[in-house]
Each structure stands twice: as structure tokens, then as C-alpha cells.
Amino acid sequence: MSLDISFIGILIGSIMASSVPLILAASGELIAERSGVLNLGVEGMMIIGAISGFALMVITDNLFIAIVGSMLSGVIISLIFGFLTQSLLTNHVATGLALTIFGIGLSAMLGKNFVGIPGKEFPILFSSLKESIPFFGPILFGHSIVLYFAFALPFLTNYFLKKTKLGLVVRAVGDSPVSASNQGINVILVRYCCILYGGAMCGLAGAYLSLIYTPQWIENMTAGRGWIALALVVFATWSPIKVLIGALIFGGITILQLHMQAIGFRIPVQFLSALPYLMTIIVLVVISRDSRKIKLNTPTSLGRIFYKEK
Amino acid sequence: MATDLRISNISKIYPGCIANDNVSLQFKSGKIYALLGENGAGKSTLVKILSGVVSPDNGEVFLNEKNLKLSSPLDAKKNKIGMVFQHFNLFETLSVFENLSIDATEDNESLRVRINEILKKYNFSIDLDVPVLNLSAGQKQKVEIIRCLLRSPKVLIMDEPTSVLTEQETEELFISLKKFCDEGILIIYITHKLKEVLSLCDEVAVMRKGKVVSVSQTQNERVETLANKMVGQKLAKIKKKINISKNKDEIFKVKHLNFYSDDPFETNLVNLNFSVKKGECLGIAGISGNGQNELFQILSGEIITPDTSIIFRNKEIAKLNPKQRREYLMAFSPEDRISQAAVPELKIYENVALNNFKSSNFFEKGLVNEKKIKEHSKKILSDFSVNTDNVELKSQFLSGGNLQKLILGRELITAPELLICYNPTWGLDVGAINYIHETLIKINDQEKSTILISTDTEELLKLSDRIAVIYKGKLSKIMPSEEVTPEKLGVLMGGGSID
């Protein structure tokens, strides 16, 4: 294996592919958290998205239905969370944890009959350009549409939060639900929408794993990516662009350390495996240490139960 | 066009408390109306009903004889009822402009033009692009007022607007309110400050225990008559005799107190130096948010600052934590009774036990000596006339006044040499305030010292022997209180100078 220029291109392309589920799930969770909702059910929603996407693909043989269905299943399961926390005023943390445990269990049960079934090839875009341009080809081309969407998403999220009226409303609700309610904003509705959107993105992130990244169903195949996505949101101090950077670093070091293990570096494997977690946290802490900015970006009401005076 | 607002037979009952009991009132534009009452008299509930935040159990609201259905804040907005809440309804992390644009229907450019027109017309100076958390309380209030004005309101309700303002800002506010009134906006002014009613308002309705007890022209009222209507009993006047104690020993001395923080919500303190004599009350005035929180935390030992020297009874204590400082006979009463001074979910005796000394033997071999703590708590309840003798009661069920008495009792029963308190009467009613003031005066009479950090100038003038003003983390020179007037304090509190 030589470290020539086209190999590096392929490497970067695979790093991008591996960070897609993190970007999708974290961007969805970011919107929910910006509205003041702390949903720890990311892992559960992702795994439900993964199994329902795969199952629908097997049953209908239609990838479009599978992708849309995985997002819908994310919406449905996040609706449970929304109903519990927003309408029944349960504790965000406990409910989110329950959702994750529920999701993992349910997906294992639903997925029993789908183990070992081979996946279907997902169409990739611009595959001819991938081969013909050295270095940039494998980076820019030959990916699924979901990857392009994932890489646009942080910028769209940033634009949404900073430039649009609805984004302003979401931030206002996260800052002070009481004030927002007194201004006539329907806080519960806004939070429901943000939760459901987060659910859809987590569902899509799961489907990316089971339909595109490793096209098959394996029990517990999200393997903690939901938790990484959650941590990314916090360490990126609720900034979508920093979420993207964090996801790339995490994906990058995960892939690199695998190669290092393969090459046989004289570094303990355990340390290499821990490296992605360590480096992501260090880099994000360093790039977001401006305490003033943290204060301004942090949703003040995060995780707090809001109820309307009657 | 003239506006006529009528509320008819409004009732609102909360579990265990009748907030509004058959309230009927009538307001007409061209006048400023005062709604006067103690805390818990039902004023806030009434304005919440008018602004659509809560719905009444009974009764109706008419605007120009049209029956209003006020089931949400949107309804109040649609009917041109504007409201400035006591606790601002702003989004601290959003910019001023974002705060104003959130419910606007027009595009940003024309909104900006309209805001600038309002700023110009009423002489407000506010930077529209800074986050609200960087504004002073007076500026935040102006943002709230602008938000109402943008919707060209017929009715403007102000809930305790001056509680966070300096004398100057208060005057500015009054000038603006009179302008609004001349422009035909009906103004309802909620307060428990009697002088403001007399200087600003045309008509005054007094509320007590959920009922309207009187409606009258302010020109026929005086401070005393209004006070008696509000409290419902004659109040004894208390006045402190000033301790002219030039030759007394300095018991507490602070040198080079500096505090620096990155946190935009905190204030830096710059080179504070002061001392307190035996039996003296040192008052520290200022608008909240000028460094009082930080000062209190440094004096109590919650924050340790390097290079600061704090001498108490000839010992250096700057590096000691609150518990160690208490052992040296200092005592503290923080501003926030619920979250800082007491744990609301704990029972009274458990809260008492939180302030334990080696000598008090509340704990033996790691176990709680319940009997001893309960006896001690009973003594506090009776000595400080808390209106319960049940030490098993959860502290959250005490009213603000009784909780404050309990906290002061817990601190004072050990006979400390120095008590540091921060806004001890904040949000309390007149009766409880009187009791607390008497207690604080008694401490000084017993040759013990107090530091009173307060945002209430009247309280400071009544209790302090010397007064200094804290503004943006800097302390003014310390003045004997007989040389201080409310006007002087106001100038200093607003950042002016008086020399």
C-alpha cells in the first residue's frame, strides 16, 4: 500500500462517508436542543431508522420508500418522546434514555428475520467522474445523494437558525420558553416540530448505515454513534458548522487509526481505538473555548420542563 | 379615539388562595391609573388576566364596550393591549433587534426604520445589535416598551416598572409615560411604591387580599392614607438612631478586592477597599447587576480571589471558605432565599441544620442528632416570630417573609459579630419588611456590625450608618448616611458623579 495522491483521495472520500450518520443525527438533535429539548434518544431513533429502512427495502424492493419510511419511523418514535416530555411533562433525560433502550430492543426484535439478508446496491451519483479525476474525483463524486444532503445540512441549519424567522423563533423558545409563550408563540408546538425533525434526521442517519454504508441489517449496528452525535452537539457548543468539523475529525481519526492498526504501528490498539473520541473532544473544546460565544449559543432552557400557566 | 377599558367581576382562584375576588374596575384613556397593593394582593394576577397569560375563572373584560376573549397573549396583542412585565420577557441571548422582530409581521428593513423612529421620538438610546444580556435593566425595559409601541397599543400596562431602575431612569420613564398618555394611550401602572403613585398617577385603585378596597383621585390622597389602605392597619414608623461611632474599632477590613471573570453574565470588581466598625451598618447601594452578586460571594467565601486581603477581628480570612468564616462568627443572608439561602424541599429543621458549627453538636459520629436540631429550630421559630411552630414543615410552604425570618434567625441565633445580607427584604410585604428592619437595627444596637447590600435606597437610608454605591464593579467613596439623599444615591447608582 503506497501513500500516493489518489489513495489519499480515496481515504478522504471514505472518511466523509463514515461521518455522514453523525452529521445527520447531530444536526437533527441540534435543532431539538436549540429549542430547549434534550433528547437522549438519538441512538434509539437511529437504530429504529436503520431497521425500518432495511426492512422496507427488503419488503418493497424500493429504496425511495425505504429512505422515506426510515425518516417516518424516526418521526413516529420521536413523537412518543414529544408526547411524554411536552404533553405529559416527563423528565427529558429519563425519557430520552428510555427511548434509546426501547429503540435498541424493538429493533432487535423486528430485525430477527432480516439478519443475513444481503442489501441492495444504492445508486451513486457521478460515478464516471470519480474514476476519471485523480484525487478530487473520489472526494467530490461517486457518493449517494444522502451524503451530499448531509454535507449541505450543517450550512442549511446554520442559515435556518441565523437568517430565518422560524429559526429565530426556535432560538427564542430555547432561550426563554416563558417569554416566548407570553409573546404568543406556541412553545409546545415549536418544540414538537423540532423533536419530530430531529427524529426524522436520526431515522435517516440510521437508514444511511443499513442501506448505504454497510448495506445489511446487524443487531445494534449503530454501535454508539447516536451517543457520539449527542456529544458532538454539546462539544460543538450548538454550532452546526462545528458539528460538521467534529464529525469529520471523528470519522477521519476512526478511519486513520484502522489503517494504522492494519499497517501495524507500535501503539497499543486500545489507545488507537480511543483516539477518535479523545481527539474530537480536544479539538472541539479548543475551537469553542470563547465563553462569551458559548453563553450566547447555549439554549438557556435546555432540558427544562415547560408548562403553560392556565 | 378615546379608549375605555372595563373589567367586570373578575375572579381567579388558585389552590389555597383567592387571587382575585370579584374585581371590577374602569379605566379611560388620557389618564394614568395606579393599581396599588402589597405582594400577594392580586395585582399581578389581574394584569396576567388582562394580558391573556392566565384566564379568569369568572368575569369579563370590555374594551370600548366590546367583550374581549383573552385566552392567550396573542388575543391581548390583537386587541392592542401592551404589557411590560416586572420580570422582563426578553430573550437574553438574542440581539435587541431579534427580540423586537420575533413577532413582527413586516420585513426587517421597514421594522428597523420604525424602531429608529421610536428611538428618536422618545430619546431612547439603545444599540439594536447587541445581545440583550449586555443591557442595563433600564435599557431592557425600554426594549420591552418599544416592543409594545411597535404595535401602536391602546392600553399599556406596566407591572412594577421601577423596581430595577435608578432614580434618573425612573424620572425618564415617568416622562415617557406622560408622553404616551398625552398621545391617547391608556396607562395602567402597577406598583407598591406609594410615592410613585402620588407623583405620576391621576387615579389609584388599592387592592388587598384579592379585592379592590378603594378607588380614588390621587390628589385627595397622601402617602399615609394610601399606606393604611394598602396594609389595612396602622404601621408603626421605625427610625434608626445613627451610631456616631468615630472612635470605635474596625472589625472588618477589605483591601484590594479585585475580581475578573470571562463570563458575560458576571461583573468584574475593580479594587474595592472598605471597612466596617463595631456596631455599624455599612450600606452598599446600586442597581442590581453592578457587581453585588460577586461582592457578596467574595465576602462570604464562595469565591476566593487572589491578592485580596480581608481582615476580620484581626485575623486574615481571605482564603477561608464560608463554613470556616462562620466559625469566626460571620453570618450571611444571600439574596435568593429559595435557591441560595435555603433548600425549599427540605423541612425547616433540616434547613436549620445546614448551618452547623462544631459547637452546635448537630451531628454525632456521622449521625443526625434530630432532637437537638429540632429544639434549636423551635427556638429560632419563636424568637424570630415565624408564623409556625411546626419544624417538620417543608420550607417551600413558608411565605417569603417567614422564610426570610427563618434564615435570619438561623444566622443570628449564634450571635455573630458581623452579618452580611443582600436584599433582605426583596419581594416582601410591608409587615415583614418592618420586622426585618427592626431586627437589623437591633443587631447594631447590640454592638454587632452589618453590611447591607441592597437595591432599595429607602431601606439603605433607613438602616445604614455609612453608605457607598457600587457601579459597574467600582465602589464610590463611603459617605455618612446623614449626608446622603435619595437624589445623590440615584446619581451615583446611574454612574454619575456628585462632586
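Helix α1 (residues 43–50) of chain B lies across β3 (32–36), β6, β7, β8 and β9 (203–208) of chain B, at about 150 degrees to β7(B). Contact here puts the C-beta atoms of two residues, placed from the backbone, within 7 Å. Angles run from 0 to 180 degrees between N-to-C directions, with axes fitted as lines to C-alpha atoms, for helices over the stretch in contact. Helices (H or I, at least four residues) and strands (E, at least two) are DSSP runs, numbered from the N terminus. Helix α6 (residues 167–182) of chain B also packs on the sheet. There α6 touches β3, β7 and β8 of chain B, and its direction makes about 145 degrees with that of β8(B).

This is a predicted model, in which local features need pLDDT of at least 70, side-chain atom pairs count only at pLDDT 80 or more, and totals for chains, interfaces and linings use all residues. Residues are numbered from 1 along each chain as its sequence is written, while chains are lettered from A and ligands numbered from 1 in the order in which they are written.

**The mixed sheet of chain B**

The sheet is open and has 6 strands, in the order β6-β7-β8-β3-β9-β10 (chain B). Its pairing is mixed. Two strands pair if DSSP finds at least two bridges between them. At the edges stand β6 (81–84) and β10 (211–217) of chain B. Each has a single partner strand, so one side of each is left without a neighbour in the sheet. Neighbouring strands are turned by 20 degrees against each other on average, direction ignored.

Strand β7 (residues 155–159) and strand β8 (residues 186–191) of chain B are parallel, with 5 bridges. Val155(B) has Leu186(B) in β8(B) as its bridge partner. β3(B) and β9(B) also run parallel, joined by 4 bridges. In that pair, Ala34(B) is matched with Val204(B) of β9(B) as bridge partner.

β9(B) and β10(B) run antiparallel, over 6 bridges. Here Val206(B) stands opposite Ser214(B) of β10(B). The hairpin of β9(B) and β10(B) has 2 residues between the strands. Lys209(B) in this hairpin takes a positive phi near 50 degrees.

**The antiparallel sheet of chain B**

Another open sheet has 4 strands, ordered β2-β1-β4-β5 (chain B), with antiparallel pairing. β2 (17–28) and β5 (66–68) of chain B are at the edges. Each has a single partner strand, so one side of each lacks a neighbour in the sheet. The average turn between neighbouring strands of this sheet is 25 degrees, direction ignored. Strand β1 (residues 4–14) of chain B joins β2(B) through 8 bridges, and the two run antiparallel. Asp4(B) has Lys28(B) of β2(B) as its bridge partner.

**The two chains**

What is the secondary structure of chain A? Chain A has 14 helices and 0 strands. Chain B has 17 helices and 23 strands.

The table gives some values for each chain. A residue is buried if 20 or more other C-beta atoms lie within 10 Å of its own, exposed if 12 or fewer, and partly exposed in between, with C-beta atoms placed from the backbone.

| Chain | Property | Value |
|---|---|---|
| Chain A | Span of the C-alpha trace along its principal axes | about 70 × 50 × 40 Å |
| Chain B | Box filled by the C-alpha atoms, along the principal axes | roughly 70 × 50 × 45 Å |
| Chain A | Buried residues | 47% of the 310 residues |
| Chain B | Buried residues | 44% of the 499 residues |

The radius of gyration is taken over C-alpha atoms, and the globule rule is 2.2 Å times the number of residues to the power 0.38. For chain A, with 310 residues, a compact globule would have a value near 19 Å; the chain has 20 Å, which agrees. For chain B, with 499 residues, the rule gives near 23 Å; the chain has 24 Å, which agrees.

Contacts between residues at least 6 apart in sequence can also be sorted by separation. In chain A, 79% of these join residues at least 24 apart. In chain B, 69% do so.

**A helix of chain A**

Helix α12 (residues 240–263) of chain A has 24 residues. The expected span is 1.5 Å times one less than the number of residues. That makes 34 Å for α12(A); its end C-alpha atoms are 35 Å apart, which agrees. Just after α12(A), Gly264(A) takes a positive phi of about 95 degrees.

**Where the chains meet**

The contact takes 17 residues from chain A and 23 residues from chain B. On the side of chain A that touches chain B, α8 (165–175), α9 (177–182) and α14 (291–297) of chain A give two or more residues. α8(A) gives the most, with 5 residues. By class, this side of chain A has 4 nonpolar, 7 polar and 6 charged residues. Ala, Val, Leu, Ile, Met, Phe, Trp, Tyr, Cys and Pro count as nonpolar, Asp, Glu, Lys and Arg as charged, and the others, Gly among them, as polar.
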